[in-house]
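Colleague: I should like to learn how a model of this kind is read, from the overall arrangement down to single strand pairs. May we go through it feature by feature?

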Protein chains: 2
Amino acid sequence: MLGSGNVATHLSLALINAGHKIIQIYSRNIENAKVLAQKCDAIPIDDIPLLKNNSDLYIIAISDNAIADLVSKVDFNNKKVVHTAGSVSFNIFPKSITNSGVFYPFQTFSKKRELQFLDIPICIEANNADFEKFLINLANQLSDKVLKINSEQRKYLHLSGVFACNFVNHLYHIAGNLLSENNMDAELLIPLIRETSAKMKQLSPFEAQTGPAVRNDKESINKHLDLLSSSPEYQQIYKLISDDVYNTHNFIT
Amino acid sequence: MLGSGNVATHLSLALINAGHKIIQIYSRNIENAKVLAQKCDAIPIDDIPLLKNNSDLYIIAISDNAIADLVSKVDFNNKKVVHTAGSVSFNIFPKSITNSGVFYPFQTFSKKRELQFLDIPICIEANNADFEKFLINLANQLSDKVLKINSEQRKYLHLSGVFACNFVNHLYHIAGNLLSENNMDAELLIPLIRETSAKMKQLSPFEAQTGPAVRNDKESINKHLDLLSSSPEYQQIYKLISDDVYNTHNFIT
């Protein structure tokens with residue numbers, strides 16, 4: 001396992017749960033490598049030449065922007081190697097590598113949260129059919145939802161996650177701020193947030209849309225914009241999303 | 001029950017579950033009144049003069065913008081009356097009414113979804129202490145989370161719900177669109193959406209924030225903006241929220 005961050009941590013533990021062994025944890029920072037290595041009963045290393053060359057699979061789970069550099073420093077030619085990054089193309093691997101691929105679990109990972117891998121979609125891409133089978137077989141041991149996704153699709157999948165997770169989380173932050181600034185507890189939001197996300201199993205977000213913008217209730221919208229007058233950024237976000245909700249529901253193309 | 005929409009429906013059923021009786025369902029549209037009246041074993045009416053004047057409580061659960069008009073048409077002077085609207089001030093009731101108040105369940109309601117009222121915050125406001133007690137007592141029969149919230153706070157509570165529910169739902173819609181436009185199933189988002197909302201019980205959204213914007217990963221941000229070049233609205237939303245994520249996490253005041 002090359003990496004010791006959120007994805008590396010969760011994926012290592014899931015692989016161990018499925019009966020696999022993690023031999024080494026590589027990180028540029030040996031302390032980080034040690035933390036994860038201890039959980040995995042693996043050897044922590046911080047130096048590329050220490051990488052053993054008899055592993056069944058090398059998993060690169062480091063920052064997206066550091067992958068190219070790492071790939072250039074390790075001889076993966078006769079090995080099996082994958083990266084786990086949503087936004088990094090398959091082409092980052094040189095064609096000289098016999099077995100290269102992508103093993104992308106589509107989820108948000110925090111070290112502080114335990115996760116069940118079983119329903120996390122794992123997106124597979126490989127440079128040949130045998131290695132694809134190998135990766136699909138491995139992914140099936142961790143998850144019920146294994147898909148072949150090519151690099152072009154994976155870019156959009158990753159982007160959709162930015163909207164549905166990163167941006168959504170920031171809207172939770174804004175909502176919590178509006179409450180705490182007015183002496184209310186941000187925890188009041190939890191049932192609403194849970195129901196909004198749970199609806200998606202039953203209704204499409206298009207069908208489930210409620211609120212002033214979809215009704216074109218200009219009076220409420222203007223009152224809200226007034227309430228936000230001391231937060232021009234929140235006001236802008238409110239206006240832009242409301243406009244897009246209105247346009248989505250009233251000018252369907 | 002004055003109203004037959006989402007809130008009126010869920011609240012009527014919750015009251016019946018708690019052992020209360022709904023006498024009449026009023027709606028301007030008698031067909032809508034009939035649908036809910038049948039579920040409640042109540043009498044549907046569409047004409048204000050038909051309202052019986054011996055009910056223990058009159059609940060106005062109609063569109064926010066129609067409440068003032070309805071209040072002006074009914075003699076509530078010696079009755080107990082509440083509205084259920086987040087964004088409508090308590091002052092909408094004339095001072096001549098002996099017992100007036102607000103009974104605001106902070107949740108998103110769809111007729112197609114069943115809901116447990118037990119964890120829905122119910123926000124109470126009343127024009128006198130006895131009626132406040134009456135409403136708190138009633139709310140406690142439906143929910144474990146009953147709070148006194150004044151009209152000024154309630155405005156911000158409602159606004160926070162627009163961000164955490166209506167806008168979040170629209171981001172789900174955008175994310176789903178990005179997938180379907182690229183031949184992927186929007187259902188792929190469900191585990192991610194569920195985990196993003198579930199995190200909030202354990203981590204604040206500030207702590208839980210991940211993604212390119214919080215890392216100031218300009219390379220990924222620019223790639224994403226390129227992918228969105230055919231959807232200028234999505235591009236604008238991406239840019240604005242990313243900027244605000246970055247500013248929130250890097251210029252903490």
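**Domains, interface and sheet**

Modeller: Let us begin with the domains: the C-alpha centres of domain 1 and domain 2 of chain A lie 35 Å apart. The model is a predicted one. The domain assignment places domain 1 of chain A at 6-149 and domain 2 of chain A at 155-250.

Colleague: How many residues of domain 1 of chain A are in contact with domain 2 of chain A?

Modeller: Contact is judged here by C-beta atoms within 7 Å. By that criterion, six residues of domain 1 of chain A meet five residues of domain 2 of chain A. On the domain 1 side, the residues in question are three nonpolar and three polar, with no charged residues.

Colleague: What describes chain A as a whole?

Modeller: Its secondary structure amounts to ten helices and seven strands. The C-alpha atoms of chain A occupy a box of roughly 65 × 40 × 30 Å along the principal axes. Chain A has 253 residues, of which 48% count as buried. Among contacts in chain A with a separation of 6 or more, 46% are between residues 24 or more positions apart.

Colleague: How many residues of chain A are in contact with chain B, and which helix of chain A gives the most to that side?

Modeller: The interface brings 76 residues of chain A into contact with 76 residues of chain B. Helix 5 (151-180) of chain A is among the helices that supply at least two residues each, as are helix 6 (190-198), helix 7 (205-208), helix 8 (212-215), helix 9 (218-227) and helix 10 (232-250). The greatest contribution is that of helix 5 of chain A, with 24 residues. By class, the side of chain A that touches chain B comprises 37 nonpolar, 25 polar and 14 charged residues.

Colleague: How should one read the relation between the two copies?

Modeller: In general, two copies of a chain are related by a rotation about an axis and a shift along it. In this model, a rotation of 180° with 0.0 Å of shift along its axis superposes chain A on chain B, with an RMSD of 0.0 Å. The two copies are thus related as by a two-fold rotation axis. The same surface serves both copies, since 100% of the contact residues of chain A recur in chain B.

Colleague: Which residue of chain A comes closest to the rotation axis?

Modeller: That residue is A:V168, whose C-alpha lies 2.7 Å from the axis.

Colleague: Let us turn to the sheet of chain A. In what order do its strands lie, and which strands stand at the edges?

Modeller: Five strands make up an open sheet of mixed pairing, in the order 3-4-5-6-7 (chain A). Strand 3 (58-60) and strand 7 (146-148) of chain A are the edge strands; each has a single partner strand, so one side of each is left without a neighbour in the sheet. Direction ignored, neighbouring strands of this sheet are turned by 25° against each other on average.

Colleague: Could you show me one strand pair in chain A, and what lies across the sheet?

Modeller: Strand 5 (residues 99-105) and strand 6 (residues 122-126) of chain A run antiparallel and are joined by five bridges. A:Y104, for example, has A:C123 in strand 6 of chain A as its bridge partner. Helix 4 (residues 129-142) of chain A lies across strand 4 (80-83), strand 5, strand 6 and strand 7 of chain A, at about 165° to strand 6 of chain A.

Colleague: In chain B, which strands pair in the parallel sense?

Modeller: Strand 4 (residues 80-83) and strand 5 (residues 99-105) of chain B do so over four bridges, with B:H83 partnered by B:V102 in strand 5 of chain B. Strand 6 and strand 7 of chain B also run parallel, joined by three bridges; there the partner of B:I122 is B:V146. B:I122 in strand 6 of chain B also stands opposite B:P105.

Colleague: Are the residues of strand 6 of chain B buried or exposed?

Modeller: As a general idea, side chains in a regular strand alternate between the two faces of the sheet. In strand 6 of chain B, five of its five residues are buried. B:I122, B:I124 and B:A126 are on one side, and B:C123 and B:E125 on the other, with both faces covered.

Note on methods:
Residues numbered from 1 in each chain as written. Chains lettered and ligands numbered in written order. Predicted model: local features only at pLDDT ≥ 70, side-chain atom pairs only at ≥ 80, totals over all residues. Domains from an automatic or database assignment. Contact = placed C-beta atoms within 7 Å. Nonpolar A, V, L, I, M, F, W, Y, C, P; charged D, E, K, R; others polar. Least-squares fit on C-alpha atoms with pLDDT ≥ 70 in both. Buried ≥ 20, exposed ≤ 12 C-beta atoms within 10 Å, placed from the backbone. Pairing = 2+ DSSP bridges. Axes fitted to C-alpha atoms, helices over the stretch in contact; angles between N-to-C directions.
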